[in-house]
Amino acid sequence: MNQLLDVLIIGGGPAGLNAALVLGRARKNVVVIDDETPRNWVTRETHGFVTRDGASPREFRKVAKEQIAVYPSVQFASDTATAVTGSDGDFVVKTTQGTSYRAKKILFAVGKKDLPLDINGLTEVYGKSAFVCPYCDGWELKDQSLVIIVSGDKALHMAKVISGWTDRYTICTNGSDSLTDEQREELEQHHVAVFDAPIQSINSEEGMVKQVVLNDGTAIPCTGVFFQPKLFTGSELPRAIGCEITESGTVIVDASGKTSVAGVYSAGDAASEMYQAITAASLGALSAVSINNELNFEKWDEQVISRLNE
């Protein structure tokens, strides 16, 4: 593609879609590259997003694309970006289908992906009765008997958070013994049982949790699970082009979504640890405004320089 786009968005989740909407309304030429394999594909519903509460991830994307279609300067490509070269003002992005795109600015909205957890039976219940975020799915499990699979400092934190939805829950550290005596004492004071034995399996029927069985034979009846995921950035391209990344795989950005590389932005789960659709969408909108302003200001200055050279 010889056309120099204003913005190339890599990733078509809530962050990328909301950025595309804002940029389309700002009359910018945009292409959204998305491989259509989002992390939340395993979930049935999107929650906590006003006007979209309860919508499936597929429905969410369908409606978003229908609304963005009103703005003809935004196009979508079902593809995977594999390489990014160039610099601010003229980046080149190549894809698995052999297409090349040129763009003045890049927005990475690539999200995060789950690393496999070695817990037998977790795959069968993930997104049905096992979740990672109580703000997204706590309401559906309110007042139920839950098992919280988490370790270390996050165990006490998660216990406090979950208590807003139910007081019937058990902590399983899955073989970790990293809780301090003080943390264990605090959990005991709140009548929260803690089991350290590794998990043998999560037993379920048609995706609904029945019990968590430990290697020592302990069986913990429950109807839901929350667990601590292990995540990595949804694409290696931010790192490859030089963006600073945290140890946990989050792209480091400033308040406007700018990365450490000029002309490159990031938004959504890729650049945040607040894993909610509405947060990702808002960060996408914020980054889009910043990108649009930067493009407009650059064009403004170029016009002055052009007139001076006439």
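**How the terms fit this structure**

Visitor: What kind of crossing does H1 make as it passes H2, and what earns it that name?

Guide: H1 passes H2 in a left-handed crossing. The name applies because the near helix is turned anticlockwise from the far one by less than a right angle (clockwise would be right-handed). Before we go on, this is a predicted model, in which local features need pLDDT of at least 70 and side-chain atom pairs count only at pLDDT 80 or more, while totals for chains, interfaces and linings use all residues. Residues are numbered from 1 along each chain as its sequence is written, and side-chain values use heavy atoms, with hydrogens and water left out.

Visitor: How do you know whether H1 is roughly parallel or roughly antiparallel to H2?

Guide: The axes of helix H1 (residues 14–25) and helix H2 (residues 57–68) come within 10 Å and cross at roughly 15°. That makes H1 roughly parallel to H2, because angles under 35 degrees carry that label (over 145 is roughly antiparallel, 65 to 115 roughly perpendicular, the rest oblique). The axes are lines fitted to C-alpha atoms, for helices over the stretch in contact, and angles between N-to-C directions run from 0 to 180 degrees.

Visitor: Which residues of H1 and H2 meet, and what counts as a contact?

Guide: From H1 come Pro14, Leu17, Ala20 and Leu21, and from H2 come Phe60, Arg61, Ala64, Lys65 and Ile68. A contact needs heavy atoms within 4.5 Å.

Visitor: How many helices and strands are there, and what makes a run count as one?

Guide: The protein has eight helices and 17 strands. Both are DSSP runs numbered from the N terminus: H or I over at least four residues for a helix, E over at least two for a strand.

Visitor: What makes S8 and S15 a pair?

Guide: Two strands pair if DSSP finds at least two bridges between them. Two bridges join S8 to strand S15 (residues 224–227), and these strands run parallel. For Phe131, the bridge partner in S15 is Phe226. The sheet is open, with five strands in the order S8-S15-S9-S10-S11 and parallel pairing.

Visitor: Why do S8 and S11 stand at the edges?

Guide: Strand S8 (130–131) and strand S11 (194–195) each have a single partner strand, so one side of each is left without a neighbour in the sheet. Helix H5 (residues 153–162) lies across strand S9 (146–149), strand S10 (169–172) and S15, at about 165° to S10.

Visitor: Ile162 is in helix H5; is Ile162 buried or exposed, and how do you know?

Guide: Its relative accessible area is 1%, so Ile162 is buried; buried means under 20%, exposed over 50%, and partly exposed in between (1.4 Å probe, protein chains only). Leaving aside residues up to four places away in sequence, Ile162 touches Pro134, Leu146, Ile148, Tyr169 and Phe226. Ile162 and Pro134 are 28 residues apart in sequence, yet 6.8 Å apart in space, C-alpha to C-alpha.

Visitor: What joins S12 to S13?

Guide: Six bridges join S12 to strand S13 (residues 208–214), and the two run antiparallel. Among the bridge partners, Glu205 goes with Met208 and Asn203 with Gln211. S12 and S13 form a hairpin with two residues between them, and Glu206 in the turn has a positive phi of about 50°. Their open sheet has three strands in the order S12-S13-S14, with antiparallel pairing. Strand S12 (199–205) and strand S14 (219–221) are the edge strands, each pairing on one side only.

Visitor: How do you know how many disulfides there are?

Guide: A disulfide is a pair of cysteine sulfur atoms within 2.5 Å, and by this rule the count comes to zero. Cys222 is in no disulfide, since the nearest cysteine sulfur, that of Cys172, is 8.2 Å away. At 5% relative accessibility, Cys222 counts as buried, and Cys243 counts as buried at 5% too.

Visitor: Where does Ser287 lie, and is Ser287 buried or exposed?

Guide: Ser287 lies in helix H8 (residues 277–308). With a relative accessible area of 1%, Ser287 is buried. Apart from residues up to four places away in sequence, Ser287 touches Leu107, Ser256, Gly257, Tyr265, Ser266 and Ala267.

Visitor: What share of the 310 residues is buried?

Guide: Buried residues make up 47% of them.
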